[in-house]
Amino acid sequence: MSGGKSWNGEAFWGVGFEYDPQWLLTEEQQRLQARLIELSATAMRANAEESDKGFVFPRKNFELLAKEGLLGLIVPKSLGGRGESHACAAMVVETIARYGCASTAMCYVMHLSATAALLLHHHRNPKLQDLLRRLDKEVLVGTLSISDPATGSHVWFLLSSSAEREGDGYRLHKKASWTTSGGYADWYVAQTTSPDFKGNYANFSIWLLLADEVKARKGSWNGVGLRGNQSGPMEIDGVVVPPDRLIGPAGDGAGSNDEATDPYFMLGTAACWNGVSMGAIDIVKRHTTRKTHADVGLKVADYPSIQDYVGNALAETNASRALTYQIAQAMDRVTNNNDWSIHEDIAARPRTTLVQWSWQVKYVAAKNVVAVTNDMMSAGGGTAYKPELGLERYWRDGRAGWLMAPTNEVLRLLLGKSALLGFEELDFWNQRANQRLLRSELKKLNPEERKALAEELLAPSA
Ligand SMILES: Cc1cc2nc3c(=O)[nH]c(=O)nc-3n(C[C@H](O)[C@H](O)[C@H](O)COP(=O)(O)OP(=O)(O)OC[C@H]3O[C@@H](n4cnc5c(N)ncnc54)[C@H](O)[C@@H]3O)c2cc1C
């Protein structure tokens, strides 16, 4: 049973709509979902294989998405976009990852997250409005450039960057260790310390840069999975930009991340991993229902162990999807269905109240995709190990979820620490000493060591 889902004019070979939360979608969103499945069947899935084999950036898939108006999915209708909701964005990403191409889905998540950063502050900035209007017409793909080579997963800590006043504009420097779509995107949302930076790394700002203003090592990406992603290093090497490239007020970096970039990144990546999980289950259904063992005359799908794998994978993945969509709907509720006009009041930060929920959404989906794709590889037997089945790509692509910042180790700590000790204890920018830890360590020093430490601390050079 495919529950009415079709693939190239025939019944879909994977899991049908009866295991999809269709009731969450409006009729228009269901039509969009069906169109994306059709595009996947006719082009995007084949393009995914090409991307995977040759580390090819999925520009062809972005051209298809732009024709459907999907680069402006969350852009208000008044600016020529589709004016869609968080829940719809989650559905679109999940559908692309499941039926089409996970690399495209992840590059698209970065595009949506970068678009959200522009939307938060576009009201007073004609440059941003102009770009938002042209996204689909000119296939203008955006991305985020954050990760700093010096601080690894602590992507909020921008050690290798600076911004200085230069005439009317600003001179920017930044080194980024990873940038999805790096060298292939048309525009970049990049973060640096603020122009008035005086040592407080919580004070950072967000900038719009265009393709010819960044140095990216095009084609240098070499990853286990998501091979179309081109997440290579990037540099902004003293580029001078006009004042309208500052997105929002100087110093609003952390606030903008909490309100725009991170909610879309967390929801989007979770939707991507949920799609990869469902896509792996689809392939196992196709394979195990078609293959029989001649000696016993049974399909592989007849074995209880395979049914058990698939039953567990479906239930766990749908738990993750339910959480993702629930938090997407919570964001829709607090933003009047993703109405960006509420941000004309710069103090309006409703998504920020849900930040701990976004963390959980990403954590659960990224944890689940590792377990599910691993089980699906087992359910597929030795054949799953061969690229022809198409399953091992989902396994490799899904592995990135856990590692992408905030990594699942970091998320667990953020959640546990904030729940136990309060959000103020999170101390992202190393500003609060843990006095309990400090005193506990000091207790271990003998009198001579204490004296030496005291002298060191009191020395003028300290
Ligand atoms: C496919 C892919 C695409 C990416 N795309 C982008 C992108 O578009 N833009 C971007 O900015 N970045 C991107 N990244 C980078 C990503 O977001 C992380 O910054 C990066 O994966 C961190 O790698 P690292 O080797 O520096 O990890 P490290 O920071 O060295 O981490 C090593 C280990 O230490 C753990 N760890 C680190 N800090 C802590 C802590 N405080 N507490 C407990 N454990 C900790 C980690 O969880 C991990 O297990 C991408 C990564 C991948 C894999």
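The following exchange walks a new reader through a predicted model, one region at a time.

Biologist: Which residues does the UniProt annotation "domain: Acyl-CoA dehydrogenase/oxidase N-terminal" cover?

Modeller: This annotation comes from an unreviewed UniProt entry. In the predicted model the span is 73% helix and 0% strand, and its end C-alpha atoms lie 28 Å apart. The residues that the record assigns to it are 26-122.

Biologist: How much helix and how much strand are there over residues 268-419?

Modeller: The unreviewed UniProt entry annotates these residues as "domain: Acyl-CoA dehydrogenase/oxidase C-terminal". The end C-alpha atoms of the span are 24 Å apart, and the chain between them is 68% helix and 3% strand.

Biologist: Which helix supplies the largest share of the largest nonpolar core?

Modeller: In soluble globular proteins, nonpolar side chains tend to be buried together. The largest nonpolar core of this model has 116 residues, and V93, A105, L267 and C272 touch the most other members. The largest share of this core amounts to 15 residues, and these come from residues 253-290, which form helix α6.

Biologist: Which residues are in contact with A105, leaving aside its neighbours within four places in sequence?

Modeller: A105 is one of the residues that touch the most other members of the largest nonpolar core, and V93 and C272 are also among them. Both V93 and C272 appear again in the contacts of A105, where the full list, with close sequence neighbours left aside, is V93, I96, A97, C272 and G275.

Biologist: Is T115 buried or exposed?

Modeller: T115 is found in helix α4, which runs over residues 102-120. Beyond its neighbours within four places in sequence, T115 is in contact with I74, V75 and G142. Because T115 has 29 C-beta neighbours inside 10 Å, and 20 or more are needed for the term, T115 counts as buried.

Biologist: Why does S256 count as buried, and how many C-beta neighbours does it have inside 10 Å?

Modeller: S256 is found in helix α6, and, not counting residues up to four places away in sequence, S256 touches A117, L120, I206, G248 and T261. The cut-off for a buried residue is 20 or more other C-beta atoms within 10 Å. S256 counts as buried because the number of its C-beta neighbours inside that distance is 24.

Biologist: How far apart in space are H343 and L119, C-alpha to C-alpha?

Modeller: H343 lies in the loop between α7 (304-334) and α8 (355-379), and H343 counts as buried because it has 20 C-beta neighbours inside 10 Å. Not counting residues up to four places away in sequence, H343 touches L120, H123 and A348. Although H343 and L119 are 224 residues apart in sequence, their separation in space, C-alpha to C-alpha, is 8.6 Å.

Biologist: Which element gives the most residues to the shell around the ligand?

Modeller: There are 22 residues around the ligand, of which G152, S153, T180, A405 and T407 come nearest, and the residues of the shell divide into 12 nonpolar, nine polar and one charged. At least two residues of the shell come from each of β5 (169-179), α9 (391-403) and α10 (408-421). With three residues, the element that gives the most is α10.

Biologist: Where is the place of P406?

Modeller: A405 is among the residues that come nearest to the ligand. The peptide bond from A405 to P406 is cis, with omega near -10 degrees. As for the place of P406 itself, this residue belongs to the loop between α9 and α10.

Biologist: Is N430 buried or exposed?

Modeller: N430 has its place in the loop between α10 and α11 (435-442), and its phi is positive, at about 55 degrees, although N430 is not a glycine. Because N430 has 10 other C-beta atoms within 10 Å, and 12 or fewer is the limit for the term, N430 is exposed.

Biologist: What distance separates the centres of domain 1 and domain 2?

Modeller: The domain assignment of the protein gives 142-252 as domain 1 and 432-462 as domain 2. Taken over C-alpha atoms, the centres of domain 1 and domain 2 are separated by 38 Å.

Methods:
Residues numbered from 1 in each chain as written. Predicted model: local features only at pLDDT ≥ 70, side-chain atom pairs only at ≥ 80, totals over all residues. UniProt positions renumbered as here; feature names shortened; annotations may be inferred. Helix = DSSP H or I, 4+ residues; strand = E, 2+ residues; numbered from the N terminus. Core = buried A, V, L, I, M, F, W, Y, C linked by C-beta atoms within 7 Å. Contact = placed C-beta atoms within 7 Å. Near = placed C-beta within 6 Å. Nonpolar A, V, L, I, M, F, W, Y, C, P; charged D, E, K, R; others polar. Domains from an automatic or database assignment.
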